[in-house]
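Trainee: I have a structure to read today, and I would love some company while I do it. Could we go through it together, one question at a time?

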Amino acid sequence: MRAYRLVLLGSIAATLPLAPAAAQTVPAEPATAEQEAPAAEGGDLGLDEIIVTGTRTGVSKFETSYAITTVDSLAIAQKAPLGIADLIASTPGIYVESSGGEVGNNVYSRGLPADNYRYLPLLEDGLPVWEEGAGAFTNADEFFRVDATVDSLQIVRGGSASITASNAPGGVVNVLTKRPTSTLQGLVKAEVGDWDHYRVDANVSGPLTDRLSFSVGGFYREDNGLRNPGFTGNQGGQLRIGLNYDFADSGSLFVSYRKLDDKNIFYTAIPLASADKGLPGLDAGTGTLVNTDFARITLPDGNGVFGKRVDLTQGIHTDTDTFTAILNKPLGDGWEVNNRARYTKGFVDFNGLFSSGIATSQQFLSDGFSRILAARPDTVRAVYRDARTGQTVAASALGNQLALTQSIFNTVVDVENVVNDLSVTKKLDTGIGRHTLTGGYYFSHFEQTQNWNWNDIVVEAINRPRYFDIVGLNAAGQQTVALTQGGLLNLHSNLQRFDDDVTINAFYLTDAWQVTPKLRIDLGARYHHVAKEGTIAQTARRNLGDTSTLADDNVLVFTGGTTPYRFKTGQWAFSVGGNYEFSPRVAAFARYSRSFRVTPEFVQWFGGIPVENRIDLVEGGFKYSTRPFSAFVTLFYNKFPNVAFQTIVAGPNGQAQTVNQNAAAESKGVEVELSLRPVDFFDISASGNYQKINYTSFAGQGATGAFDFSGNQIVRQPQVQFSVRPTLRLPGDRVSVFGEAAYTGKRYVDVANTIVLPSYTEVRAGANWKISDALQAQVVATNLFNEVGLTEGNPRAGSIIGVQETAFQGRPIFGRRVRASLTYSF
């Protein structure tokens, strides 16, 4: 990796001689594609806002030839998001599952059939927060937090994203951060919530000299988590420091450092009485199966020695250092150079409790007795014992008379990533219009080492449950042998180690052709080359030698050997679009793109499809802009002939198995954004989509034989979703009241469409009081009516053909929560 660090340092150093020896004040330059664009506030959809995402020219939202949603600072303040998933949830065409907590959430784009930012990369100031944001246990949102240093968001849906970003057929989410300012300004925000939530955000910026300015900000937060596990579930924060130097003639150099050290509890499915009702003692909105009693547990390491300490109180612990440098330098005569560079190093320590098997407590005990009897014929019965106290517990005394197998996932990922994006732009006039040509070279190299150590534990179905051993007894009441060991049922249900070394070299060319003042045509192409190599650790099964338990009789351990892998591919993406302005109020656009997705490394570890190519994307629509009413309507069609479908299921003896399937799919639909301000003191905005999303080819062999689910609806995503957001400003404009009603339509758990997740509507409300010009207070309530809405169901019991289990398992949205904050600005 040292050679690649030198590449990054060289690219930064190469910009420094451009700084002048003497300083002088120059007029401010207009925003370009490589500079921060100011966010337009108000209820007009921001159609006059300058867009820097999906383009290298910097045009207004009204002029773009693709669908884009913007989120300004006012919308961020009203949304008061706990994570990036909350912030983009109202974007039409994008479906978000934010029920996992602050991080580790799933994002889907226009029916493309896979989750966790797989087709929609998360960018910060135009560069990925982590190159493979859809990798195993490297979800993009684990590398980024929303805080007071965030200015606005620009979300491209489809369109030109696959030309200007890596692996982005579904679009990109680009977070624009606050830059240093020429005047001293800042804010401090203190927030409390009704789940023992305490948080402080701050951001300060100002000048150091007439050309050098600074910014510093971030946040710190502690709370128990939206589902209280009995310990501090979320703890940590983020620090960002930036410096900006304006060159004497024109251009600037911005450098920043971001430290992220944050721990976040992660939630998965819980058992429910039905798809819209929790169980007694396990509330759908607040209940959790994580408990302090087994939060810290000792497990066998990769050699089978009980010396591995797993700590669920650490949650998803991300600890990374990120350095960024952004250069913008006009050279005269229509030439401009832009360079963005980023270096990230650190680790993600992922500790989470995942849902797995479920049975009645009596059936589970009977099955356990059969396994024990086969090993010890002198056994006459089996009993539950509280693994913490050792007391015998009747099967009927387990919570809701259910026994659950829960998987404790411990995955440690060491990461290092170098990214550099260099582009040169030339503006030139021709006989027909004006061209803005941009040629670019994108380089990224990352290394990661992943260590998986997963083990299963037996618990009951109540909030913060006990955990149990299953023990065999002989006729005299003496213990024969246990099925478990310290509450653990399957030791090393999954044991893996992967080392990856990935290099990306991409070249792109775009042309923004302003044919006439009304007609704009955008062309683009990208050649994307990926070279991957790595090793997969070999494992074997071993009896660890404890005769008092069956749990350690067949345990995976590392042999010391590895299996190497190598893969290379070169892929092309093309895009052409046009925008025509019929008047200053009305414009229409259309675009065709052909794209690809080089699949994440975990797909190749388990023999899946390495490339999803020939993705065809067509979109078109119109924009209408006046002060009282604005609309942005888009029609789209996606054809996806080569899907890598992969899921992890429980195999024989509880060992996790990865299943690969191939499929083809298509999606088509309409997306709508509307804004109405009939009077100065009231506005209402709405967004949503209707989409027809189906597998066009999905056939194969399952546990019950051949299947063909062609024509079925794509899993997990709704056909209909919409959000309505009114805002009322009281006389004097000191107090505003705002709200949101978000509807999510019916979805399916499995490809077979046998298990339904019902539709639901979540309501949130808030109020803001401007106490003075410098001080304001805000209160926000989410899920005001405690709606039970499920975002997944029986997720590890059969995602191709669903399994109707003893009790339904689903991951509900969080129950009603209330927060209040006080912000001081200067």
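Mentor: Happy to! One term to begin with: a strand here is a DSSP run of E with at least two residues, and strands are numbered from the N terminus. Keep in mind as well that this is a predicted model.

Trainee: Then let me use that term: in which strand is asparagine 203 found?
Mentor: Look for the run that holds this position. Residues 197–207 form one strand, and asparagine 203 belongs to it. The strand is β13.

Trainee: Is asparagine 203 buried or exposed?
Mentor: Residues under 20% relative accessible area count as buried. Asparagine 203 has 8% relative accessibility. Its contacts, apart from residues up to four places away in sequence, include Ala148, Lys178, Leu187 and Val216. With that 8%, asparagine 203 counts as buried.

Trainee: How far can I trust the model; what pLDDT does the chain average?
Mentor: Begin with the weak part: over residues 2–43, pLDDT stays under 50. Where pLDDT is low, the predicted coordinates should not be read in detail. Over the chain, 91% of the residues score at least 70. The average pLDDT is 89.

Trainee: Now the sheets. Which strands stand at the edges of the sheet with the order β23-β22-β26-β27?
Mentor: This is an open sheet of 4 strands with antiparallel pairing. An edge strand has a single partner, so one side of it is left without a neighbour in the sheet. The edges are β23 (392–393) and β27 (479–482).

Trainee: Which residue in β27 is the bridge partner of valine 471?
Mentor: Strand β26 covers residues 468–473 and pairs with β27 in the antiparallel sense over 2 bridges. Across to β27, valine 471 has as its bridge partner alanine 482.

Trainee: There is a helix, α5, across this sheet. At what angle does α5 run to β22?
Mentor: Helix α5 takes in residues 361–375 and lies across β22, β26 and β27. Strand β22 covers 381–386. The angle of α5 to β22 is about 120 degrees.

Trainee: How far apart are the end C-alpha atoms of α5?
Mentor: We can work out what to expect from 1.5 Å a residue, taken over one less than the number of residues. For the 15 residues of α5 that gives a span of 21 Å, and the model agrees. The end C-alpha atoms are apart by 21 Å.

Trainee: How wide is the arc that the buried residues of α5 cover around the axis?
Mentor: The buried residues are Ser361, Phe364, Leu365, Gly368 and Ile372. What covers them includes β21, β24 and β25, along with β22, β26 and β27. They lie on the same side of α5 because their arc is only 95 degrees.

Trainee: You mentioned β24. How many of its residues are buried?
Mentor: Strand β24 has partners: 24 bridges join it to β21 in the antiparallel sense, and 27 bridges join it to β25, also antiparallel. The strand is mostly covered, and of its 28 residues the number buried is 21.

Trainee: Which residue takes a positive phi in the hairpin of β24 and β25?
Mentor: There are 4 residues between the two strands of this hairpin. One bridge pairs leucine 428 with histidine 435 in β25. The residue with a positive phi, near 80 degrees, is glycine 433.

Trainee: What is the phi of aspartate 125?
Mentor: Most residues other than glycine have a negative phi. Aspartate 125 sits in the loop between β6 and β7, and counts as buried at 5% relative accessibility. Its phi is positive, near 55 degrees.

Trainee: And is aspartate 733 buried or exposed?
Mentor: Aspartate 733 also has a positive phi, of about 60 degrees. The loop that holds it lies between β38 and β39. Over 50% relative accessible area counts as exposed. At 54% relative accessibility, aspartate 733 is exposed.

Trainee: Last one: what separates the C-alpha atoms of leucine 775 and tyrosine 824?
Mentor: Leucine 775 is found in strand β43, and tyrosine 824 is 49 residues away along the chain. Still, leucine 775 is in contact with Tyr824, as well as with others including Leu822 and Thr823. The C-alpha separation is 4.6 Å.

Key: Residues are numbered from 1 along each chain as its sequence is written. This is a predicted model: local features need pLDDT of at least 70, side-chain atom pairs count only at pLDDT 80 or more; totals for chains, interfaces and linings use all residues. Side-chain values use heavy atoms; hydrogens and water are left out. Two strands pair if DSSP finds at least two bridges between them. Contact means heavy atoms within 4.5 Å. Axes are lines fitted to C-alpha atoms, for helices over the stretch in contact, and angles run from 0 to 180 degrees between N-to-C directions. Buried means under 20% relative accessible area, exposed over 50%, partly exposed in between (1.4 Å probe, protein chains only). The arc is that of the directions from the helix axis to the C-beta atoms. pLDDT is the predictor's confidence in each residue, from 0 to 100.
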